[in-house]
Amino acid sequence: MRVAVIKLTSCSGCINEIVKVVALDPKLLDIYEFVYFNEITDSVENVSKYDIVFVEGSITTKEQEDMVKMFRGLTDFMVAIGACAIHGGVQALRVGENIEAVKAYVYPDPKLIEVESDVKPVAYATKIDFYIPGCPVRGDAVKSLLEKFARGGLPTPILESVCGECKRRGIQCLVVSHGISCLGPITISGCGAICPSFRRGCYGCYGLRGFDETLTNVGNYIGLLGRLGLGKEIVDYLLRAFSFKEFSKLIKAFEK
């Protein structure tokens with residue numbers, strides 16, 4: 001099977017998970033041929049049809065949007081991997097800011113950088129067939145997809161919060177039992193409750209639980225976190241950084 005991995009604006013952490021999965025299980029290379037991988041080679045000479053196209057990163061230029069649309073036309077199965085591709089990623093913190101000021105703050109020679117102030121999740125440009133959340137994604141989630149896709153199936157999405165994973169692992173609720181701020185109740189599961197297992201509150205890197213949350217519920221929970229010492233400004237910052245797409249939808253619905 002032919003695979004393409006395209007990188008947009010991101011830190012490459014999710015792509016590193018793909019590389020790690022293949023390196024730890026080389027038998028996958030008996031099934032899959034990674035024929036396009038622009039993190040490794042910039043060549044576009046071999047662009048053709050693909051069985052799977054993985055997309056990492058958010059869209060921040062017109063060229064990236066055109067690239068995603070072009071690859072969509074070359075595959076029947078496109079996968080968005082990670083918080084940047086699904087929600088926008090930490091670069092979404094600049095949305096609404098003066099992009100020239102942002103570039104000047106980050107880069108020593110900002111005139112060399114061509115990016116738009118807007119940040120788009122991949123689904124804004126084209127249809128996505130499967131999502132793997134995380135910042136970065138877990139390698140075992142990538143491996144599960146590759147193994148099941150090869151057999152003609154797909155992993156079953158589990159729609160629950162991080163709280164479900166804490167319960168299964170026997171981790172005491174940080175909020176209820178210890179009074180520690182935690183975004184787990186409003187964050188989609190999949191991480192294995194790593195942070196709570198070290199008695200550290202979830203900071204929402206898997207994204208807001210958008211399938212059933214409302215702004216009222218999120219607002220009420222932010223109020224509870226405030227009473228535990230986690231200010232609204234910090235919560236807003238975390239939600240914009242890891243859940244920009246879903247958080248923006250809730251805000252827009254509230255403003256109507």
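**View A. A search of the whole structure finds two cavities of 30 Å³ or more.** The larger space comes into view here. This is a predicted model, in which local features need pLDDT of at least 70 and side-chain atom pairs count only at pLDDT 80 or more, while totals for chains, interfaces and linings use all residues. Residues are numbered from 1 along each chain as its sequence is written, and side-chain values use heavy atoms, with hydrogens and water left out. The largest cavity holds about 120 Å³ of space. Thirteen residues line this cavity, and those closest to its centre are Cys163, Cys166, Cys173, Leu174 and Cys182. (On a 1 Å grid over the protein atoms alone, a cavity is a set of points where a 1.4 Å probe fits but cannot get out; a pocket is an open set with protein on both sides within 12 Å along at least five of seven lines; lining residues have an atom within 4 Å of a point. Points are joined across faces, edges and corners, and a volume is the space filled by probe spheres set on them.)

**View B. Helices H6 and H7 at the wall of the largest cavity.** Helix H6 and helix H7 (174–178) each supply at least two residues of the lining. (Helices, H or I with at least four residues, and strands, E with at least two, are DSSP runs numbered from the N terminus.) The largest share, four residues, comes from H6. By class, the lining of the largest cavity counts 10 nonpolar, two polar and one charged. (Ala, Val, Leu, Ile, Met, Phe, Trp, Tyr, Cys and Pro count as nonpolar, Asp, Glu, Lys and Arg as charged, and the others, Gly among them, as polar.)

**View C. The second largest cavity, with a volume of about 40 Å³.** To find this cavity in your viewer, select the residues that line it: Leu183, Ile186, Thr187, Tyr203, Gly204, Gly207, Leu208, Leu238, Leu239 and Ser243. Its lining divides into six nonpolar and four polar residues, with no charged residue.

**View D. The largest pocket, with a volume of about 830 Å³.** Its lining has 28 residues, of which Tyr131, Pro133, Pro157, Ile158 and Ser189 are the closest to the centre. The elements that give two or more residues to this lining are helix H3 (82–87), strand S5 (130–132), helix H5 (139–150), helix H6 (162–169) and helix H10 (232–255). H5 brings the largest share, four residues. Sorted by class, the lining of the largest pocket has 14 nonpolar, six polar and eight charged residues.

**View E. The second largest pocket, with a volume of about 300 Å³.** Closest to its centre, out of 16 lining residues, are Thr9, Gln91, Arg94, Val102 and Tyr107. Helix H2 (62–72) and helix H4 (99–106) are the elements that give two or more residues to the lining of this pocket. Four residues come from H4, which is the largest share. The classes in the lining of the second largest pocket are eight nonpolar, five polar and three charged residues.

**View F. An open sheet of five strands with parallel pairing.** Following the sheet across, you will meet the strands in the order S2-S1-S3-S4-S5. Its edge strands are S2 (33–37) and S5, each of which pairs on one side only. (Two strands pair if DSSP finds at least two bridges between them.) For the wider setting, the chain has 10 helices and five strands, and its C-alpha atoms fill a box of roughly 55 × 45 × 35 Å along the principal axes.

**View G. Strand S1 and its partners S3 and S2.** Five bridges link S1 (residues 2–7) with S3 (residues 52–56) in the parallel sense. A good place to look is Lys7, which stands opposite Glu56 in S3. S1 is joined to S2 by four bridges, and these two strands also run parallel. Here Val5 has Phe37 of S2 as its bridge partner.

**View H. Backbone details at Ser12 and Pro136.** Most residues other than glycine have a negative phi, and most peptide bonds are trans. Ser12 is not a glycine, yet it has a positive phi of about 75°. You will find Ser12 in the loop between S1 and H1. The peptide bond from Cys135 to Pro136 is cis, with omega near 0°. Pro136 itself lies in the loop between S5 and H5, and S5 and H5 are among the elements that help line the largest pocket of View D.
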